[in-house]
Amino acid sequence: MPDERAPRIGVVIGGSLTRGVEARVSSGNSPILGQYVTAPLDGGKALVGMVTDIMLQAGEPASVAWPPPAGDRPSARLLREVLADTAVYTAAQITPYLELEEGILDPARARSLPRHFAPVHLADQEIVDAAFTTGGDAVHVGSPLGMPRVEVCVDMERLFERSAAVFGKSGTGKTVLTLQILDALLARSKNAPTQSERTVALVFDMHNDYGRNLKFGGGYRRSLRDSHPTDVTVYSLESQAPGQDGSVEIGTRDIQPEDLAVLQTAGHFTLAALEAAHEFHERYGRDWVDELLARDPSEALIAGAWSGAQVPDQVNWSTVAGRLGVHSSSLDNLRRGLRHFERRKVVRSGSSQFEGGLEHIVKTLQGGKSVVVQFGRFGSDLVTYMLVANMLSRRIWDRYRIAVDRASENDGQGPNRLVIVIEEAHKFVDRSLANFSIFGQIARELRKYSVTLLVIDQRPSQIDPEVLSQIGTKFCFQLDSESDVEAMVGGAMGRTALRQVISSLESQQQSLVFGHAVPMPVVVRTVDFTGDRGAGAGLRPAGGQGGSLRERLDYPAREPRTENPLFG
Amino acid sequence: MTAAAPRVIESKLRGFSCAYSDYVDDPYQLGEFVVVREGRFPVIGVVSAVESGPEDPSRPLLPRGAPGVSAAEVLTINAGMRELLRTEVGVVACGYFAGDRARPGLPPLPTPLLAEVELAASSEIGAFASDCAFLERLIFDSGSNDSTVTAALRRVALALKPGENDFLVGAGKELARLLRADPARLATILRGVVD
């Protein structure tokens with residue numbers, strides 16, 4: 001039986017496992033969307049579900065066909081009061097998620113329903129504790145609606161076992177939550193007994209939020225680097241950026257045609273232009289970009305193109321294109337796109353800088369330290385962000401793949417686990433690019449090569465559905481677009497209900513968490529960890545910090561219960 | 001002068017009729033709660049009809065009295081006339097007493113004939129009617145109508161002062177349950193009670 005001290009909100013009047021339980025809300029109660037409720041099941045178990053819809057019902061159709069008159073006449077007032085909760089009433093739709101049973105730690109998926117007229121109570125601390133019990137380290141992500149002192153913790157092992165995502169429109173709290181998750185990740189990693197057991201993060205910090213202080217709401221939050229000075233290395237695309245440990249420099253000789261594949265949309269590269277890139281790369285090797293960036297075709301390029309044949313008197317890019325079987329406009333498209341990087345001084349002509357920096361980053365990551373790549377002034381240039389993120393991730397993933405394959409061949413220890421954090425993910429893995437992007441591949445490979453993603457995005461509907469379906473745990477803040485909400489819930493169990501919950505989220509600091517790492521969806525008010533809380537404030541180590549959750553939260557001890565126990 | 005209490009002249013489980021010994025000017029009123037204490041199961045009911053007329057229906061009352069003379073003066077002038085007239089009261093049985101408990105519903109036995117019919121005390125009305133269970137009998141009995149229900153509710157509300165508002169809301173909800181297919185009738189009754 002549920003805790004009789006938790007507020008009773010009504011009684012069960014119908015429902016089904018697939019459509020959810022319908023409860024008639026008793027007078028004076030106003031449950032809200034996303035709240036947890038519980039009802040007793042046969043056999044001393046308790047059902048835990050979420051309020052996923054609230055309806056105004058008429059017990060008798062005639063009562064709404066002849067509504068009470070408006071106005072302040074005593075009879076009108078009395079009639080309205082009389083009909084409320086009798087002829088008309090409020091009903092709550094409850095999506096059942098879990099069955100709890102005393103003495104069994106792992107909650108089971110709901111497979112039975114409470115009986116008619118079973119009391120429905122708001123869930124209390126004890127129920128939430130029982131539902132969200134984690135066997136290992138966990139990160140505190142917030143409090144359920146209406147339960148500000150109750151912690152919801154997400155199992156970190158499960159969170160990063162598969163890729164995860166934080167979705168929401170701008171200003172809803174995505175960055176703060178991500179910072180908090182990463183902070184807990186680093187604090188947990190620090191305590192790992194060996195380097196290979198650490199989980200590290202590679203953060204592509206588009207807006208300089210993670211390496212430097214995050215400015216928010218008139219104050220600053222400590223950066224990852226400030227909180228974990230010995231466990232975070234900051235790289236920057238700007239060579240002279242303050243507070244950096246190294247810079248990421250890209251030479252023209254570092255770029256491969258595959259690096260441009262994700263830029264089809266953002267960089268306006270056509271498919272024919274990318275084909276041309278492959279053609280040039282094949283002919284001119286690592287100099288292909290420099291050759292294409294020259295004002296006129298070089299002698300080497302002409303020699304390579306005509307290779308012994310009669311060279312025309314006048315050679316320009318158009319004749320080169322014709323000679324190589326490339327459409328002239330495609331070649332122009334390719335050259336125009338490459339000149340963008342040259343103009344923005346993202347790449348250095350005639351040099352190869354990348355491998356050294358890349359090696360350093362890989363060693364840093366595999367050595368157990370996390371890396372933040374800051375984009376500085378390039379942060380506003382999406383094309384640059386995508387080029388760098390794709391270049392680095394492709395090569396780092398290759399290194400991890402080789403290390404894992406080698407370890408499995410030699411029965412040795414594989415590399416530590418890596419979480420790649422990317423923003424604006426839909427630009428990398430939209431429907432047309434998912435097969436070209438390394439991020440689509442990482443999401444699909446799950447943790448096979450010890451690399452997963454933490455995706456931060458505003459437009460989940462733009463992400464390839466196959467990639468989206470591979471994301472294990474989703475944190476969803478407010479979304480405006482119907483298509484984004486639809487994409488979020490995808491094939492999730494009870495998606496109609498989840499869609500309604502997402503639509504009701506407030507504009508800030510309210511998030512629906514669902515998926516692989518949580519036993520059931522939960523709407524939380526996210527925690528605002530400001531600077532003075534110290535590193536790893538959101539980490540909840542396995543076994544607790546000296547006692548039960550109740551003790552950690554400094555709750556008063558429960559009085560011994562004489563009747564109406566939680567179970568049986 | 002207070003008239004003697006009426007006595008039961010016709011009795012059924014669903015209710016009874018009682019009559020005063022002659023014509024009275026101030027009989028029990030519509031909606032008043034009355035009690036018949038005699039018999040194995042004392043019965044409590046609500047006045048649903050009041051009727052006065054000649055004792056012998058075959059001898060109709062003639063409209064005596066000169067112009068400008070009141071009814072009371074006519075009866076004073078014709079001293080024997082009052083005894084030829086009768087006032088009868090119809091009552092819907094709403095409950096009965098079993099031991100110390102008042103139970104709503106039909107009594108197990110009808111009231112004894114010629115038993116005295118008294119007005120119920122305020123405390124009895126409160127104890128019997130505050131849970132509104134009596135309304136079912138009044139709503140569905142053919143001897144009662146909406147005016148009877150309205151009048152009875154006003155009597156109970158008066159007896160329960162100052163808690164009459166809570167009672168009226170509770171009674172309204174009970175009526176809403178009973179009249180669920182007839183919201184117009186519910187509105188009529190409640191309007192009669194409070195407006």
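The exercises below, each followed by a worked solution, concern a predicted model of a structure with chains A and B.

**Exercise 1. Describing chain B as a whole**

Task: State how many helices and strands chain B has, and in what pattern they follow one another along the sequence.

Solution: Begin with the count, which gives six helices and seven strands for chain B. Next, read along the sequence, where the pattern of chain B is β-β-β-β-α-β-β-β-α-α-α-α-α. Then turn to the dimensions, for the C-alpha trace of chain B spans about 50 × 40 × 30 Å along its principal axes. Finally, consider burial and contacts: 36% of the 195 residues of chain B count as buried, and among the contacts in chain B between residues at least 6 apart in sequence, 73% join residues at least 24 apart.

**Exercise 2. Two helix pairs**

Task: Decide whether α10(A) is roughly parallel or antiparallel to α11(A), and do likewise for α5(B) and α6(B).

Solution: Two packed helices are described by the angle between their axes and the distance between the axes.

Step one takes the pair in chain A, where helix α10 (residues 299-306) and helix α11 (residues 317-324) pack at an angle of about 30°, with their axes 10 Å apart. Since angles under 35 degrees count as roughly parallel, α10(A) is roughly parallel to α11(A). The crossing of these two helices, α10(A) and α11(A), is left-handed. On the side of α10(A) the contact is made by L301(A), A305(A) and W306(A), and on the side of α11(A) by V320(A), R323(A) and L324(A). Sorted by class, the residues of this contact of α10(A) with α11(A) are five nonpolar, no polar and one charged.

Step two takes the pair in chain B, where the axes of α5(B) and helix α6 (residues 183-194) come within 10 Å and cross at roughly 160°. Because angles over 145 degrees count as roughly antiparallel, α5(B) is roughly antiparallel to α6(B). Here the crossing of α5(B) and α6(B) is right-handed. The residues that meet are L168(B), G172(B), L175(B) and A176(B) from α5(B), and L186(B), I189(B), L190(B), V193(B) and V194(B) from α6(B). By class, the contact of α5(B) with α6(B) has eight nonpolar, one polar and no charged residues.

**Exercise 3. Backbone details in loops**

Task: Say where D85(A), F117(A) and P162(B) lie, and explain why D85(A) and F117(A) are classed as they are for exposure.

Solution: Start with D85(A), which lies in the loop between α2 (74-83) and β5 (88-100) of chain A. Although D85(A) is not a glycine, its phi is positive, at about 65°. D85(A) counts as partly exposed because it has 18 C-beta neighbours inside 10 Å, a number that falls between the limits of 12 or fewer for exposed and 20 or more for buried.

Continue with F117(A), found in the loop between β6 (108-109) and β7 (119-122) of chain A. F117(A) is likewise a residue other than glycine with a positive phi, near 70°. With 12 other C-beta atoms within 10 Å, F117(A) is exposed.

End with P162(B), whose place is in the loop between α4 (146-159) and α5 (164-178) of chain B. A cis peptide bond, with omega of about 10°, joins K161(B) and P162(B).

**Exercise 4. The nonpolar cores**

Task: Which residues have the most contacts inside the largest nonpolar core, and which helix gives the largest share of that core?

Solution: In soluble globular proteins, nonpolar side chains tend to be buried together. The largest nonpolar core here has 157 residues, and those with the most contacts inside it are V48(A), V421(A) and I422(A). Helix α14 (residues 382-409) of chain A gives the largest share of this core, 11 residues. A second, separate core has 55 residues, among them L79(A), V36(B), C94(B) and L175(B).

**Exercise 5. Where the chains touch**

Task: How many residues does each chain give to the contact between chains A and B, and what does G59(A) touch?

Solution: Chain A gives 15 residues and chain B gives 15 residues. On the side of chain A that touches chain B, α1 and α2 each supply at least two residues, and the largest share, seven residues, comes from α2(A). By class, this side of chain A has eight nonpolar, four polar and three charged residues.

Now look at G59(A), placed in the loop between β4 (46-58) and α1 (61-65) of chain A. Leaving aside residues up to four places away in sequence, G59(A) touches T86(A), A87(A), V88(A), Y89(A) and R180(B).

Methods: Residues are numbered from 1 along each chain as its sequence is written. Chains are lettered from A and ligands numbered from 1 in the order in which they are written. This is a predicted model: local features need pLDDT of at least 70, side-chain atom pairs count only at pLDDT 80 or more; totals for chains, interfaces and linings use all residues. Axes are lines fitted to C-alpha atoms, for helices over the stretch in contact, and angles run from 0 to 180 degrees between N-to-C directions. Helices (H or I, at least four residues) and strands (E, at least two) are DSSP runs, numbered from the N terminus. Angles under 35 degrees count as roughly parallel, over 145 as roughly antiparallel, 65 to 115 as roughly perpendicular and the rest as oblique. A crossing is left-handed if the near helix is turned anticlockwise from the far one by less than a right angle, and right-handed if clockwise. Two residues are in contact if their C-beta atoms, placed from the backbone, lie within 7 Å. Ala, Val, Leu, Ile, Met, Phe, Trp, Tyr, Cys and Pro count as nonpolar, Asp, Glu, Lys and Arg as charged, and the others, Gly among them, as polar. A nonpolar core is a set of buried Ala, Val, Leu, Ile, Met, Phe, Trp, Tyr and Cys residues joined through C-beta atoms within 7 Å.
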